[in-house]
Each structure stands twice: as structure tokens, then as C-alpha cells.
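Colleague: I would like a close look at one part of this protein, the first helix and what it packs against. Please carry on from there to the core and the loops around it.

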Amino acid sequence: MQKLEKTAEMLDETLFWDIVAASIANSTDQDTQEAYLIQALEKLTPKEMIGFRLRTDKLLYDTYDSRMWCAGYLMNGGCSDDGFEYFRNWVISRGKEVYEKAKENPDSLISQKDQAEDELFDFESFWYVALEAFENQTGEELYDYIDEDNFDQNEGNYPNFEFDWSDDEPESMQKLCPQLYAHFWN
């Protein structure tokens, strides 16, 4: 086994999305997708497993904004801080095209309106697949090998933003995400 070292290097983006696409193609629900992802990641080097988690954190970081939170709020009938994490993990788990479109315009997630699991659009365990694969392969905790001095696009460093919507003013949500509002707001 190779020597474990701290890293701040994200997994190649194409490889990341290829793994996610394969997990979608080879699963019927989140449990089978999670199992597929763990098995796929176990075939990578420990550094690449860490890189998968770092790429996930970067994608989460890049969608930490008011518009995406509005989409999560509408689709899930509310959205706490943790719920927003799990919602964005779900968006990533739907693949590159869905993620990129949602990042550009969260209202595009109307295309995924039939992809809820247990009536929720969240996938908490997606965030942990690399941790589980890493521990299975190395017996170590992945977090111990993240070079936090050189990787700061993670949960503890999210940008500040002002909400430009409020559930007390539903029209503000309708303005940002008209299709999601029409479908999900009761």
C-alpha cells in the first residue's frame, strides 16, 4: 500500500463526473447508487478518494447561494442548513448536466421533479461515500489526510450572502424559481 499523505488535490473533474454518471446508470435508488459509488471509489488510490471528497466539497461550495437555497426550500418544503447540504449533494448525485444547469439556473431542477426519494430531494450519504471507501481501504479517517492549509473551499469557509427571497413573501420565491414554485408551493 502506498504511503498516505495529506493532499489538497481534487480528483480530475472528468473522472469525478464519469464515476457519478456510472453510478446513476448502475443504480435504481440511492442505496444502490451509494453502494456503487463506494465500490467504484475503492478501486481508486487513497489520494484519488480524498480528491473525490474534495471535488464534492468544491461543487458544494460553488452552489452555496441564495437561489440554490430557494430551489431546495421549494422542492423539500423547507430547507435547514443541514438540509441545504444534503440537497446540494443530491443535485451533484444527479450528474454533471443537471448540476451545471442548476448552478446556472436552479429553476432548471424542475426536470428532476420525479427523482425524489422518500418524497425528499436530498442525498446525505453521497457526501460520505469517499470517507467510507477510504476507511475500507486504509483503515484510516479520510479527514485526517485533507490538507486544510491548502484547501479552503469547504463547509467551514462558505461565502456569506444575503437571502433575496423569503417564505414570508412567496412572490420573492416565485420570481427566482417560477417553475419550481408553480409545482411545489402549496
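Modeller: The account below starts at helix α1 and works outward.

The model is predicted, not experimental. Helix α1 covers residues 13-25, and helix α2 covers residues 30-42. These two helices pack at an angle of about 140 degrees, and their axes are 9 Å apart. An angle over 145 degrees would count as roughly antiparallel, so α1 is classed as oblique to α2. The crossing of α1 and α2 is right-handed. On the α1 side, the contact is made by Ile19, Val20, Ala22, Ser23 and Ile24. They meet Gln33, Tyr36, Leu37, Ala40 and Leu41 of α2. Sorted by class, this contact holds eight nonpolar residues, two polar residues and no charged ones.

Ser23 deserves a separate word. Ser23 sits in helix α1 and has a relative accessible area of 0%. The cut-off for buried is under 20%, so Ser23 counts as buried. Leaving aside residues up to four places away in sequence, Ser23 touches Gln33, Tyr36 and Leu37. Those three residues are also on the α2 side of the helix contact.

Helix α1 also packs against helix α3. Here the angle is about 90 degrees and the axes are 10 Å apart. That value falls in the range from 65 to 115 degrees, so α1 is roughly perpendicular to α3. From α1, the residues involved are Glu13, Phe16, Trp17, Ile19 and Val20. From α3, they are Phe52, Arg55, Thr56 and Leu59. This contact has six nonpolar residues, one polar residue and two charged ones. Ile19 and Val20 take part here, and Ile19 and Val20 are also in the contact with α2.

Phe52, on the α3 side of that contact, reaches further. Not counting residues up to four places away in sequence, Phe52 touches Leu11, Phe16, Ile19, Val20, Leu37, Leu41, Phe126, Val129 and Ala130. Among these, Phe16, Ile19 and Val20 are α1 residues in the contact with α3, while Leu37 and Leu41 are α2 residues in the contact with α1. The list also includes Val129 and Ala130, and helix α7 spans 129-138.

Phe52 leads on to the core. The largest nonpolar core has 56 residues, and those with the most contacts inside it are Phe16, Phe52, Phe87 and Leu109. The largest share of this core, seven residues, is supplied by helix α4, residues 66-76.

Just before α4 comes Thr63, in the loop that joins α3 (46-62) to α4. Thr63 is buried because its relative accessible area is 2%. Beyond its neighbours up to four places away in sequence, Thr63 touches Met68, Phe84, Arg88, Tyr99 and Lys103. Of these, Tyr99 and Lys103 are touched by Thr63, and helix α6 runs over 96-104.

Two tyrosines farther along the chain are buried too. Tyr145 lies in the loop between α7 and α8 (170-176). Tyr145 is buried because its relative accessible area is 15%. Apart from residues up to four places away in sequence, the residues Tyr145 touches are Leu4, Glu5, Lys6, Thr7, Ile50, Phe134 and Glu140. Tyr145 and Met10 are 135 residues apart in sequence, and their C-alpha atoms are 13 Å apart in space. Tyr181 belongs to helix α9, residues 178-184. Tyr181 is counted as buried because its relative accessibility is 16%. Its contacts, again without residues up to four places away in sequence, are Leu74, Pro170, Met173 and Gln174. The C-alpha atoms of Tyr181 and Ala71 are separated by 8.4 Å, although the two residues are 110 residues apart along the chain.

The loop between α6 and α7 is another matter. Most residues other than glycine have a negative phi. Asp118 is not a glycine, yet its phi is positive at about 55 degrees. Glu119 is not a glycine either, and has a positive phi of about 65 degrees. Asp118 lies in the loop between α6 and α7, and Glu119 is found there as well. Asp118 counts as exposed because its relative accessibility is 73%, and Glu119 counts as exposed because its relative accessibility is 72%.

How values were computed
Residues are numbered from 1 along each chain as its sequence is written. This is a predicted model: local features need pLDDT of at least 70, side-chain atom pairs count only at pLDDT 80 or more; totals for chains, interfaces and linings use all residues. Side-chain values use heavy atoms; hydrogens and water are left out. A nonpolar core is a set of buried Ala, Val, Leu, Ile, Met, Phe, Trp, Tyr and Cys residues joined through side-chain atoms within 4.5 Å. Buried means under 20% relative accessible area, exposed over 50%, partly exposed in between (1.4 Å probe, protein chains only). Helices (H or I, at least four residues) and strands (E, at least two) are DSSP runs, numbered from the N terminus. Contact means heavy atoms within 4.5 Å. Axes are lines fitted to C-alpha atoms, for helices over the stretch in contact, and angles run from 0 to 180 degrees between N-to-C directions. Angles under 35 degrees count as roughly parallel, over 145 as roughly antiparallel, 65 to 115 as roughly perpendicular and the rest as oblique. A crossing is left-handed if the near helix is turned anticlockwise from the far one by less than a right angle, and right-handed if clockwise. Ala, Val, Leu, Ile, Met, Phe, Trp, Tyr, Cys and Pro count as nonpolar, Asp, Glu, Lys and Arg as charged, and the others, Gly among them, as polar.
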